Amino acid sequence: MAARSLWPGRGKWDSMRLTTTIERSMEKVEDAGVLDKVSQPLLTAVRRLTGASPAVTDLLHGVPVGHPVHPAMVLLPAGAFISASTLDFVPRTGSAVPVLIATGIATSVPAAAAGFADWSELHPQQQRVGLVHAASNGLGVAFYAASLVARLRGRPVSARVLGLAGLSAIGVGGYLGGHLAYRQGAGVNHVEDVPHLVPPGWNDVCAIDDLPEGRPALQHLGDVPLLVVRRGKQIDVLSDRCSHLSGPLHEGTLSEVDGATCVTCPWHGSTFALADGKVVRGPATVKQHSFDVRVEAGRLQVRLPHAG
C-alpha cells in the first residue's frame with residue numbers, strides 16, 4: 001500500500017503520454033509530404049484503371065449498397081489470418097492453417113482493390129495515411145505468404161514466427177484504417193447532421209428573384225448550406241456539402257444523365273440527381289438530402305420531406 005501511494009495517478013499519466021505519442025506519430029504521417037512522391041504515380045495508375053470502367057468503380061466504392069464496401073471486405077482476409085495464427089498454437093489442426101492463410105491471401109486482392117478505389121478519391125493528408133495503411137497490410141500479407149511457403153517446406157517454427165509478424169503488421173494496418181475513418185472522416189457520411197439542423201416545417205430561404213436562372217446557387221438555411229437550381233418554374237434544392245468529403249456542390253457543373261439533370265461535385269466527381277439527391281456516380285455512396293419546395297409571396301420556402 002505504501003509503495004502504491006508514492007505514485008498516485010501514475011497509470012493515468014502513462015496512458016496520457018502514450019496517447020500523446022500516438023497522436024504525434026499520426027500527425028507526422030499526415031504531414032509527411034515525402035509520401036506524395038509515391039502517392040502521385042500510384043494515384044495516376046489507380047485512376048487510369050478505375051476510369052476504364054465506371055460501373056466497376058462504383059461497385060468498388062459501394063454505391064449500390066449505400067456505403068463503402070472496403071471495410072466489410074477486409075473482414076475476410078483479416079478473419080482468415082487471425083484464425084490461422086490462433087490455430088497455429090492448437091494441436092492437431094492439420095491443413096486448416098495453410099488453408100486459412102491461402103484464403104486470406106486470395107481475399108486480400110479484392111479488398112485491396114476496393115481500398116485503392118476509395119483511396120484515390122481522398123484528400124492528400126488522408127492519402128498519406130492510407131498509403132501507410134496499405135503498405136502495412138501489404139507487408140502483413142507478404143509475411144503470411146512467406147509463412148505458407150515455410151509450412152510447405154516443413155519449417156513449422158519459422159512459419160509460426162512469420163505468421164505472428166504478419167498478424168502484427170495487419171494490426172497496425174487496422175489501426176491506421178480506424179484513424180482514416182474515425183479521425184479523418186474518410187468514407188463516412190458528411191451530411192448526416194442535416195436533418196438535425198433543419199427546423200421542422202416550412203422554412204423561408206430567399207426571394208425567387210435572388211436565384212440565377214439555370215445554374216447552381218448557394219443559399220443558407222441557418223447553418224445549413226443549400227444548393228438551389230432554378231430552371232424556369234422548376235426549383236430543385238439539395239444539401240450543398242457533398243456527402244463524400246463535403247465538397248461545395250454549388251461550385252459544380254450541371255449535366256444530363258439518362259434524361260435526369262444532375263450536379264457533379266467539383267472536388268472528386270460525385271454526381272447526384274437534382275430531383276431526389278440520389279447518387280448517380282461515385283465515389284459518394286450516400287445521397288444528398290433533397291428538400292420539398294414551394295413559393296409563397298415570391299419567396300422560396302423549403303422543408304425536409306415528412307418534416308411536417
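Two strands are treated as paired if DSSP finds at least two bridges between them. The views below show a predicted model.

**Figure 1. Pairing of strand 1 with strand 10 in the predicted model.** Strand 1 (residues 203–207) and strand 10 (residues 299–303) pair in the antiparallel sense, with four bridges between them. One point of register is given by Ala207, whose bridge partner in strand 10 is Arg299. Strand 1 is mostly covered, as four of its five residues are buried.

**Figure 2. Strand 3 and its pairing with strand 2 and strand 4.** Strand 2 (residues 216–221) runs antiparallel to strand 3 and is joined to it by six bridges. Within this pairing, Gln219 has Leu226 of strand 3 as its bridge partner. The hairpin of strand 2 and strand 3 has two residues between the strands, and Gly222 adopts a positive phi near 65° there. Strand 3 also pairs with strand 4 (residues 234–239), again in the antiparallel sense and over six bridges. Here Arg230 stands opposite Ile235 in strand 4. Two residues likewise lie between the strands in the hairpin of strand 3 and strand 4, where Gly232 takes a positive phi near 65°. Strand 3 (residues 224–231) has seven of its eight residues buried, and it is therefore largely enclosed by the rest of the structure.

**Figure 3. The surroundings of Val237 in strand 4.** What is the relative accessibility of Val237? The value is 1%, so Val237 counts as buried. Leaving aside neighbours within four places in sequence, Val237 is in contact with Leu226, Leu227, Val228, His289, Ser290, Phe291, Val293, Leu300 and Val302. One of these residues, Val293, is 56 residues away from Val237 along the chain, and the C-alpha atoms of the two are separated by 7.4 Å.

**Figure 4. The open sheet of strands 5, 6, 7 and 8.** Four strands form this open sheet in the order 5-6-7-8, with antiparallel pairing. Strand 5 (253–257) and strand 8 (279–281) are the edge strands; each has a single partner strand, so one side of each is left without a neighbour in the sheet. Direction ignored, neighbouring strands of the sheet are turned against each other by 40° on average. Strand 6 (residues 260–264) and strand 7 (residues 271–273) run antiparallel and are joined by three bridges. Cys262 has Ala273 in strand 7 as its bridge partner.

**Figure 5. Cysteine sulfur atoms in a structure with zero disulfides.** A disulfide is a covalent bond between the sulfur atoms of two cysteines. The cut-off applied here is a sulfur–sulfur separation within 2.5 Å. For Cys242, the closest cysteine sulfur is that of Cys265, at 4.1 Å, which is too far for a bond. Cys242 is buried, with a relative accessible area of 2%. For Cys262, the closest cysteine sulfur belongs to Cys242 and lies 13 Å away, also too far for a bond. Cys262 is buried as well, at a relative accessible area of 0%.

**Figure 6. The aromatic pairs of the structure.** A search of the whole structure finds two aromatic pairs. Phe81 and Tyr144 form a stacked pair, with 4.2 Å from centre to centre and 10° between the planes. Phe81 belongs to helix 6 (residues 75–87) and Tyr144 to helix 8 (residues 124–152), so the pair ties together parts that are 63 residues apart in sequence. Both Phe81 and Tyr144 are buried. Phe116 and Trp119 form an edge-to-face pair, with 6.0 Å from centre to centre and 90° between the planes. Phe116 and Trp119 are three residues apart in helix 7 (residues 96–119), and they are therefore separated by about one helical turn. Is each of these two rings carried by a residue that is buried or partly exposed? Phe116 counts as partly exposed, at 27% relative accessibility, whereas Trp119 is buried, with a relative accessible area of 4%.

**Figure 7. The crossing of helix 3 and helix 7.** The axes of helix 3 (residues 36–51) and helix 7 come within 10 Å and cross at roughly 110°. Helix 3 is therefore roughly perpendicular to helix 7. On the side of helix 3, Ser39, Leu42, Leu43, Val46 and Thr50 take part in the meeting of the two helices. Their counterparts in helix 7 are Phe116, Ala117 and Trp119.

Notes:
Residues are numbered from 1 along each chain as its sequence is written. This is a predicted model: local features need pLDDT of at least 70, side-chain atom pairs count only at pLDDT 80 or more; totals for chains, interfaces and linings use all residues. Side-chain values use heavy atoms; hydrogens and water are left out. Axes are lines fitted to C-alpha atoms, for helices over the stretch in contact, and angles run from 0 to 180 degrees between N-to-C directions. Buried means under 20% relative accessible area, exposed over 50%, partly exposed in between (1.4 Å probe, protein chains only). Rings of Phe, Tyr and Trp (its six-membered ring) pair if their centres lie within 6.5 Å; planes under 30 degrees apart count as stacked, over 60 as edge-to-face and the rest as tilted. Angles under 35 degrees count as roughly parallel, over 145 as roughly antiparallel, 65 to 115 as roughly perpendicular and the rest as oblique. Contact means heavy atoms within 4.5 Å.
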